[in-house]
Amino acid sequence: MALTTLAYISEARPGLLLKDLKQILRRSREKNHRHGVTGYLVFDGTYFAQILEAEEAVLDVLLPTIVADDRHEDLRLLLWEPIIERNFGDWCMGCANLAAPVHLDTSELRGLIRDVVGQRSLSLPDAVDFFQLFVSFRTPQQAALLTL
Ligand SMILES: Cc1cc2nc3c(=O)[nH]c(=O)nc-3n(C[C@H](O)[C@H](O)[C@H](O)COP(=O)(O)O)c2cc1C
């Protein structure tokens, strides 16, 4: 049994709606809870960035399913690495939706995602830092981003 983490970036299908994102999350949370998958998803209106943690055998099955999902395309795997312990153990799938219509300047956060889009791979510490940044939004304004 080898606990493993993966991270990827992908491009949302044009025209993806909020209800599509909600549906993805609902199904993901059900299935992830059942299969011991934890992680975090960021959506900026164009790109998805996701980190997943589970037994390697579970990720071996889940990743091809996610790749084949036509709600996004051009999935690029940036990280696949064994881990000793989970970094997102509290989340069966947390989500920050930067495309949410909140009156908050998200340009800096969007910039961070664009940085990741340009990467060929991510180190484990960089990936954890990137996603933890979204998890750690705890001011009321920032929390408004985490509506999903
Ligand atoms: C951006 C994105 C992230 C997803 N994340 C997960 C996930 O964390 N866990 C999961 O089970 N499915 C996830 N899915 C959904 C899968 O692609 C797939 O639709 C789902 O697992 C199918 O389950 P079912 O055939 O058992 O209904 C994601 C899909 C997208 C587009």
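This is a chat about a predicted model of a protein chain with a ligand.

Colleague: Hi! Let's begin with the overall build. How many helices and strands are there in the protein chain?

Modeller: The protein chain has five helices and five strands.

Colleague: And what pattern does the chain follow along the sequence?

Modeller: Reading along the sequence, you meet β-α-β-β-α-β-β-α-α-α.

Colleague: Nice. What share of the residues is buried?

Modeller: Of the 148 residues in the protein chain, 43% are buried.

Colleague: On to the ligand, then. Where does the ligand sit?

Modeller: You'll find the ligand in the largest pocket. There are 16 residues around the ligand, and those that come nearest are Arg27, Ser28, Lys31, Asn32 and Asp69.

Colleague: Which elements each supply at least two residues of that shell?

Modeller: Those are α1 (18-35), β3 (47-55) and α2 (56-67). The most comes from α1, which gives five residues to the shell.

Colleague: What kinds of residues make up the shell around the ligand?

Modeller: It's a mix: seven are nonpolar, five are polar and four are charged.

Colleague: Can we zoom in on some atoms? Which side chains have an N or O atom 3.1 Å from a ligand atom?

Modeller: One is Gln50, whose side chain has an N or O atom 3.1 Å from a nitrogen atom of the ligand. Another is Arg71, where the ligand atom at 3.1 Å is an oxygen.

Colleague: What about Arg27, how far is its side chain from an oxygen atom of the ligand?

Modeller: For Arg27, the distance between an N or O atom of the side chain and that ligand oxygen is 2.7 Å.

Colleague: And how much of the ligand does the protein bury?

Modeller: The protein buries 82% of the 610 Å² that the ligand exposes when taken alone.

Colleague: Let's switch to single residues. Where does Asp20 lie, and is Asp20 buried or exposed?

Modeller: Asp20 is part of helix α1. Its relative accessible area is 8%, so Asp20 is buried.

Colleague: Which side chain does Asp20 have a polar contact with?

Modeller: The partner is Arg13, and the polar contact between the two side chains is 3.4 Å.

Colleague: Does Arg13 lead us anywhere else? I mean, how far apart are the C-alpha atoms of Arg13 and Asp74?

Modeller: Their C-alpha atoms are separated by 9.8 Å, while along the chain the two residues are 61 residues apart.

Colleague: Tell me about Asp74 then. Where does Asp74 lie, and what is its phi?

Modeller: Asp74 lies in strand β4, which covers residues 72-82. Its phi is positive, about 55 degrees, although Asp74 is not a glycine.

Colleague: Why point out the sign?

Modeller: Because most residues other than glycine have a negative phi.

Colleague: Got it. Why does Asp74 count as exposed?

Modeller: Asp74 counts as exposed because its relative accessibility is 57%, and the cut-off for exposed is over 50%.

Colleague: Back to the start of the chain. Where is Thr4 found, and why is Thr4 called buried?

Modeller: Thr4 is found in strand β1, residues 3-12. Thr4 is called buried because its relative accessible area is 2%.

Colleague: What does the side chain of Thr4 reach?

Modeller: The Thr4 side chain reaches the backbone oxygen of Ala2, at 3.1 Å.

Colleague: Now some loops. Where is Leu17 found?

Modeller: Leu17 is in the loop between β1 and α1. With a relative accessibility of 46%, Leu17 counts as partly exposed. The C-alpha atoms of Leu17 and Arg71 are separated by 9.9 Å, with their positions 54 residues apart along the chain.

Colleague: And which loop holds Ile83?

Modeller: Ile83 is in the loop between β4 and β5 (94-97). Ile83 counts as buried, at 10% relative accessibility. From C-alpha to C-alpha, Ile83 and Ala54 are 9.4 Å apart in space, and they are 29 residues apart in sequence.

Colleague: Last one: where is Phe48, and is Phe48 buried or exposed?

Modeller: Phe48 is placed in strand β3, and at 4% relative accessibility Phe48 counts as buried. Phe48 and His72 are 24 residues apart in sequence, with 8.1 Å between their C-alpha atoms.

Colleague: Thanks, that was fun to look through!

Technical notes: Residues are numbered from 1 along each chain as its sequence is written. This is a predicted model: local features need pLDDT of at least 70, side-chain atom pairs count only at pLDDT 80 or more; totals for chains, interfaces and linings use all residues. Side-chain values use heavy atoms; hydrogens and water are left out. A residue is near a molecule or strand if one of its heavy atoms lies within 4 Å of it. A polar contact is a pair of N or O atoms within 3.5 Å; within protein, one must be able to donate a hydrogen and the other to accept it, and residues adjacent in sequence count only if both atoms are side-chain atoms. Accessible areas come from the Shrake-Rupley method with a 1.4 Å probe; for residues, only the protein chains shown count as cover. On a 1 Å grid over the protein atoms alone, a cavity is a set of points where a 1.4 Å probe fits but cannot get out, and a pocket is an open set with protein on both sides within 12 Å along at least five of seven lines; lining residues have an atom within 4 Å of a point. A molecule sits in a cavity or pocket if more than half of its atoms lie within 2 Å of its grid points. Helices (H or I, at least four residues) and strands (E, at least two) are DSSP runs, numbered from the N terminus. Ala, Val, Leu, Ile, Met, Phe, Trp, Tyr, Cys and Pro count as nonpolar, Asp, Glu, Lys and Arg as charged, and the others, Gly among them, as polar. Buried means under 20% relative accessible area, exposed over 50%, partly exposed in between (1.4 Å probe, protein chains only).
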